[in-house]
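Q: I have a structure in front of me and would like to learn how to read it. Where should a beginner start?

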Amino acid sequence: MDAWRKELQGRLKAREKEGLLRTLKYTSDQIDFSSNDYLGLSRSESLFNEIHQELDALTIKRNGATGSRLLAGNTEYYEETESRLAKIFKADASLIFNSGYTANLAVLSSLPQRNDTILYDELAHACIKDGARLSLAKRYSFRHNDLNDLEAKLKRAEGKIYIAVESIYSMDGDQCPLQELVSLSEKYNAFIILDEAHSTGVMGEQGSGLAVSLNVHSKIAVRVYTFGKAMGIHGACVAGNNDLHDYLINFARPFIYTTALPPHSIAAIDCAFKYLSNNIYLQERLRNNIQFFLHAVQDLPNRTISTSAIQTAIYPGNENARIAATELQQKGFDVRPILSPTVPKGSERLRICLHTFNTKSDIEALASTLKSFQAVMHS
Ligand SMILES: Cc1ncc(COP(=O)(O)O)c(C=O)c1O
């Protein structure tokens, strides 16, 4: 035991020495430019109350699901919610997962088979990469949003080909070229797996994301929607055809071998989408704040190109990114550094998330601090 603990401590010390030690912190009372609560739904008192009313109205009162969906954990309420989600995402069927992480793990580990190929964007989220690692298929990354590199790899790929991409990339905030990806997938008979984590809620008529907004949803084999970001709650679903739904129930281990989400979570999912439909103006409010920020930082050189709620300011080197974040935090802005290896070396950054509830004066103050700080860094 002692030797084992020493080994753990040694590895933690090594992390600390590299400046990469992770610790748990409470959220601050600073101005939130960091959370994924883009539409402010997680802090909406009205939504909170609606979820409670919905729970009170449930005829069967249970605190937990009591088992996997395949055992005691399934209810009509679950399936009715899945039908409503399928309608929102314009799919034949949807299947709820406990989180976006497990949904992607499920899809990527169960669909591609031994002789198949997974091609994933190099900036894809860890859960896409982890899912691909669990699969027996061959896996290769392609350069971020680079259709030429993807096509070169499509030409060499064997078996069934799966292309895994995100609507909006979580660390850069840029969008994938979805229509072009669809054309390429058709040319090479490949299947797209689209992670809509950061577009769910913020885009589309009822928060239905990028593929539905562009009307290409029927050409995408697998769509993953997550509810812990703009929807302000928790959980995820996979949307697609009925065979995909039945296949995941049968073969996706992260679905089969886990206790289902409790009724509270299902009520929250149901209510959050209803709430968003009734308050769809929130999307416009978010777009206005993004535009306001982009205008305020237009002469800031160290940004990547993004028109989404996720913005970046690059400070190469972990130390520089950390100094920049500390500086902003001391001025009352909750902005977090994103360090390598989470992002590639040299692209360490501040990840700045915009929200409906950020005021114009907060955004202005953040932008001018970023600019003054930029001047200091380069003086
Ligand atoms: C692109 C992307 N996919 C999936 C996930 C995981 O979703 P969840 O937080 O619901 O597990 C995240 C979360 O950070 C993400 O950014």
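**Reading the ligand site and beyond**

A: Start with the contacts of the ligand: an oxygen atom of the ligand is 2.7 Å from an N or O atom in the side chain of H198. Keep in mind that this is a predicted model.

Q: Which other side chains have an N or O atom at such a place, D195 and K229 among them, and at what distances?

A: In the side chain of D195, an N or O atom is 2.6 Å from a nitrogen atom of the ligand. For K229, an N or O atom of the side chain is 2.9 Å from an oxygen atom of the ligand. As for cover, the protein takes up 83% of the 390 Å² of accessible area that the ligand has on its own.

Q: Which residues are around the ligand?

A: They are S99, G100, Y101, N104, H125, C127, E166, S170, D195, A197, H198 and K229. By class, this shell has three nonpolar, six polar and three charged residues. Helix α4, residues 100-110, gives the most to the shell, with three residues.

Q: Why can residues a few places apart on a helix point the same way?

A: An α-helix has 3.6 residues a turn, so residues three or four places apart point the same way.

Q: How many residues does helix α1 have, and what span should they give?

A: Helix α1 covers residues 2-17, which is 16 residues. At 1.5 Å a residue they should span 22 Å, and the end C-alpha atoms are 22 Å apart, so the two values agree. After α1 comes G19, with a positive phi near 75°.

Q: Which residue other than glycine has a positive phi?

A: T66 is one of the residues to look at: its phi is near 70°, a positive value, and it is not a glycine. T66 sits in the loop between α2 (45-57) and α3.

Q: What should I look for in the peptide bonds themselves?

A: Look at omega. The bond that joins S340 and P341 is a cis peptide bond, with omega at about 15°. P341 is in the loop between β11 (336-338) and β12 (349-353).

Q: Next, empty space. What is the volume of the second largest pocket?

A: The second largest pocket has a volume of about 360 Å³. Its lining has 18 residues, and those closest to the centre are I60, T75, E76, Y77 and P263. Two elements, α3 (76-88) and α11 (263-278), give two or more residues each to this lining. The largest share, four residues, comes from α3. Sorted by class, the lining of this pocket holds ten nonpolar, five polar and three charged residues.

Q: A cavity is a space from which a probe cannot get out. How many cavities of 30 Å³ or more does a search of the whole structure find?

A: The search finds one. The largest cavity holds about 60 Å³ of space.

Q: Which residues line the largest cavity?

A: R69, Y78, I96, F97, N98, P254, F255, T258, A260 and L261 line it. At least two residues of this lining come from β2 (93-97), and at least two from α10 (253-256). The lining of the largest cavity divides into seven nonpolar, two polar and one charged.

How values were computed:
Residues are numbered from 1 along each chain as its sequence is written. This is a predicted model: local features need pLDDT of at least 70, side-chain atom pairs count only at pLDDT 80 or more; totals for chains, interfaces and linings use all residues. Side-chain values use heavy atoms; hydrogens and water are left out. On a 1 Å grid over the protein atoms alone, a cavity is a set of points where a 1.4 Å probe fits but cannot get out, and a pocket is an open set with protein on both sides within 12 Å along at least five of seven lines; lining residues have an atom within 4 Å of a point. Grid points are joined across faces, edges and corners, and a volume is the space filled by probe spheres set on the points. Ala, Val, Leu, Ile, Met, Phe, Trp, Tyr, Cys and Pro count as nonpolar, Asp, Glu, Lys and Arg as charged, and the others, Gly among them, as polar. The expected span of a helix is 1.5 Å times one less than its number of residues. A residue is near a molecule or strand if one of its heavy atoms lies within 4 Å of it. A polar contact is a pair of N or O atoms within 3.5 Å; within protein, one must be able to donate a hydrogen and the other to accept it, and residues adjacent in sequence count only if both atoms are side-chain atoms. Accessible areas come from the Shrake-Rupley method with a 1.4 Å probe; for residues, only the protein chains shown count as cover.
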